Amino acid sequence: MDSSESVKVALDAMGGDYAPAETVKGAVAALEADPGIRIALVGKGDEIRQELSKYDYQKDRIEIVSASDTIDMAEAPVNAIRTKKDSSLVVGLNMVKNGEADALVSSGNTGAVLAGGQLIVRRIKGVQRPPLAPLIPTAAGPKLLIDCGANVDARAQHLVQFAHLGSIYMESVVGIKNPKVALVNIGAEEEKGNALAKETYPLLAASKNINFIGNIEARDIPYGKADVIVTEAFVGNVILKLYEGLAKVLMKGLKDSIYSSTRSKIGGALLKPALKNTLGQFDVSQYGGAPLLGLRGLVVKTHGSSKANEIRNTILQCLAFKEQDINGKIRKYIEEENAADANQSGREDRDE
């Protein structure tokens with residue numbers, strides 16, 4: 001990629017449990033991984049410079065943007081966005097809004113990232129509720145869970161739009177043609193579920209341009225039976241947190257078993273390459289963060305506990321987002337939906 005095609009990422013250097021040490025380390029690693037990346041480290045300049053002094057990097061591809069304040073994890077999101085104008089998160093969001101950066105990456109306060117994305121960067125016209133959409137590991141490769149945290153009280157029409165946005169992302173960024181879309185439910189049958197699921201199912205089944213395969217139960221998600229897993233944020237967040245917690249418990253249990261005796265240590269050494277490969281498939285950090293789809297600019301949220309590798313991969317994720325013009329494709333989808341609605345309305349008027 002030449003410099004004319006480069007992507008500039010504003011990184012909230014002060015956000016997250018291990019900032020700024022891990023955020024800066026991840027930024028430098030991203031620069032080394034792809035020559036098309038440029039980074040603006042947003043935050044307290046002295047602390048950032050101290051961390052940068054530990055590394056060799058191309059000075060012309062990284063800059064420090066001063067921000068004197070930070071938003072803590074426990075702060076009320078909307079109030080923090082409105083009152084802490086010189087926080088690293090708000091300064092970074094304004095860079096995206098003003099076209100000074102192509103994307104913002106933050107490991108900070110999730111609510112503040114979501115609120116700031118909508119209040120500052122704002123939605124693409126026609127997007128009803130921007131969903132948070134992380135890739136999750138499965139036996140069949142990464143799949144998209146949408147929504148996992150932005151819209152707890154979503155309505156049926158919102159979930160239908162999530163399915164379309166998720167399909168665009170999976171086809172364009174992950175490269176899955178005609179991705180399979182499924183609705184999270186407590187059974188495979190159409191009539192199962194709560195009022196939201198029952199209302200959403202026929203709308204998804206009638207939707208054009210998505211490959212809806214029906215309901216999916218939670219136990220089938222790790223097998224990768226669907227590429228786009230649609231739900232509202234309450235259920236989505238529960239799925240995501242259980243997924244992450246269970247993976248950690250299983251990995252710890254496996255390690256404890258391997259080191260429990262001399263015999264198991266010998267067996268573990270023999271199995272180490274295979275185990276490393278299998279466990280690596282379920283390492284969430286390799287997929288980067290969760291984009292807030294449907295904003296006018298790209299905002300990506302990473303885990304508060306993100307280390308350098310996840311920061312690096314999230315920055316690289318922004319490159320693919322711009323290369324594939326995800327926002328352009330979302331706008332095209334909205335235009336086509338509006339045109340279809342107008343045609344339907346015209347036919348109904350003529351029928352009357």
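Two residues are in contact when heavy atoms of theirs lie within 4.5 Å. The exercises below use this idea on a model that is predicted.

**Exercise 1. Describe the surroundings of S172: which element holds it, is it buried or exposed, and which residues does it touch?**

Step 1. Begin with the element, and you will find that the place of S172 is in helix α6.

Step 2. Turn next to accessibility: buried means under 20% relative accessible area, and because S172 has a relative accessibility of 13%, it counts as buried.

Step 3. Now look for contacts, leaving out residues up to four places away in sequence; S172 then touches Q324, I326 and K329.

Step 4. Finally, compare separation along the chain with separation in space: S172 and E323 are 151 residues apart in sequence, while their C-alpha atoms are 9.3 Å apart.

**Exercise 2. Describe the overall build of the protein chain: how many helices and strands does it have, and how compact is it?**

Step 1. Counting the elements of the protein chain gives 11 helices and 11 strands.

Step 2. The radius of gyration is 21 Å, and the globule rule gives 20 Å for 352 residues; the two values are close, so the chain is as compact as a globular protein of that length.

Step 3. For the extent of the chain, follow the C-alpha trace along its principal axes, where it spans about 75 × 60 × 40 Å.

Step 4. Consider burial and contacts together: buried residues make up 49% of the 352 residues, and among contacts with a separation of 6 or more, 72% are between residues 24 or more positions apart.

Step 5. Complete the picture with the surface and the charges: the accessible surface comes to about 17,100 Å², of which 50% belongs to carbon and sulfur atoms, and the 43 positive and 44 negative side chains form two sets whose centres lie 4 Å apart.

**Exercise 3. Find the largest nonpolar core and state which residues have the most contacts inside it.**

Step 1. The largest nonpolar core has 60 residues, and those with the most contacts inside it are I39, L41, V230 and I315.

Step 2. Ask next which element gives this core its largest share: helix α6, residues 156-174, supplies nine residues.

Step 3. Take I315 as an example; apart from neighbours within four places in sequence, I315 is in contact with V9, L11, G26, A27, A30, I37 and I39.

Step 4. A second core, separate from the one just described, has 39 residues, including A80, A112, C148 and L240.

**Exercise 4. Locate the cis peptide bonds at P20 and D147, and the positive phi values of N178 and D325.**

Step 1. Between A19 and P20 the peptide bond is cis, with omega about -5 degrees, and P20 sits in the loop between β1 (7-12) and α1 (21-33).

Step 2. The bond from I146 to D147 is also cis, with omega near 20 degrees, and D147 is placed in the loop between β6 (143-146) and α6.

Step 3. N178 is not a glycine, yet its phi is positive at about 50 degrees; this residue is found in the loop between α6 and β7 (180-184), and with a relative accessible area of 49% N178 is partly exposed.

Step 4. D325, another residue other than glycine, has a positive phi near 50 degrees; D325 lies in the loop between α10 (308-323) and α11 (326-351), and at 44% relative accessibility it counts as partly exposed.

Notes: Residues numbered from 1 in each chain as written. Predicted model: local features only at pLDDT ≥ 70, side-chain atom pairs only at ≥ 80, totals over all residues. Heavy atoms only, no water. Helix = DSSP H or I, 4+ residues; strand = E, 2+ residues; numbered from the N terminus. Rg over C-alpha atoms; globule rule 2.2 N^0.38 Å. Buried < 20%, exposed > 50% of the residue type's maximum accessible area, 1.4 Å probe, protein only. Areas by Shrake-Rupley, 256 points an atom, 1.4 Å probe, with all protein chains shown as cover. Lys, Arg positive; Asp, Glu negative; His and termini not counted. Charge placed at Lys NZ, Arg CZ, Asp CG, Glu CD. Core = buried A, V, L, I, M, F, W, Y, C linked by side-chain atoms within 4.5 Å.
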